[in-house]
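Thanks, everyone; let me put the model up, and then I will go through its surface, its core and its charged pairs.

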Amino acid sequence: PAPSRDAMLLLSNPASGGLEPPEHFAAHALLDLDKRGEHGILAERYASVRPRVCRSKGRLFPSGRVVLLLPGQVPGVASLEEVDELHISRDMGAAHMPRRYLLAIQDAEATLERASAQV
């Protein structure tokens, strides 16, 4: 079954998937959290629901190591959890163009130079 279908089924009957307390995971409860802007709690609930509905056998991951380049942070090796999900953004197409990669590497280099100067 498709993950979105599984998610809808689980949220219509949270107890069937072992989500406790079930009333906290009902679709209407999640919509209420969103309406109130309680994104931290939504993120916690998502972390409980996602492994139950969005994992499939034979998933593909990048080979080798993935270097995580975040603005102003020292580069690091990304874990599989960090590349396990596609995040949709307005500039995701542009974000993967060669110029953006070059700018990210240049920013990482400058961040490393600042970090080593502080040591």
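Which residues make a nonpolar surface patch of about 370 Å²? The patch is made by V67, L69, Y101 and I105, where a patch takes residues with over 30% relative accessible area and no salt bridge, nonpolar side chains (Val, Leu, Ile, Met, Phe, Trp, Tyr) being joined within 5 Å and like charges within 9 Å. Areas come from the Shrake-Rupley method with a 1.4 Å probe, and for residues only the protein chains shown count as cover.

I should say that this is a predicted model, in which local features need pLDDT of at least 70 and side-chain atom pairs count only at pLDDT 80 or more, while totals for chains, interfaces and linings use all residues. Residues are numbered from 1 along each chain as its sequence is written, and side-chain values use heavy atoms, with hydrogens and water left out.

L69 sits in the loop between β1 (67-68) and β2 (76-77), the strands being DSSP runs of E of at least two residues, and helices runs of H or I of at least four, numbered from the N terminus.

Turning to the interior, the largest nonpolar core has six residues, A7, L10, L19, F25, V49 and V53, a core being buried Ala, Val, Leu, Ile, Met, Phe, Trp, Tyr and Cys residues joined through side-chain atoms within 4.5 Å, with buried meaning under 20% relative accessible area, exposed over 50% and partly exposed in between. To this core α1 (3-12) and α3 (39-53) each supply at least two residues.

Finally, there are two salt bridges, each a side-chain nitrogen of Lys or Arg within 4 Å of a carboxyl oxygen of Asp or Glu: E38 pairs with R36 at 2.6 Å, and D91 with R100 at 2.6 Å.

Definitions and conventions
Buried means under 20% relative accessible area, exposed over 50%, partly exposed in between (1.4 Å probe, protein chains only).
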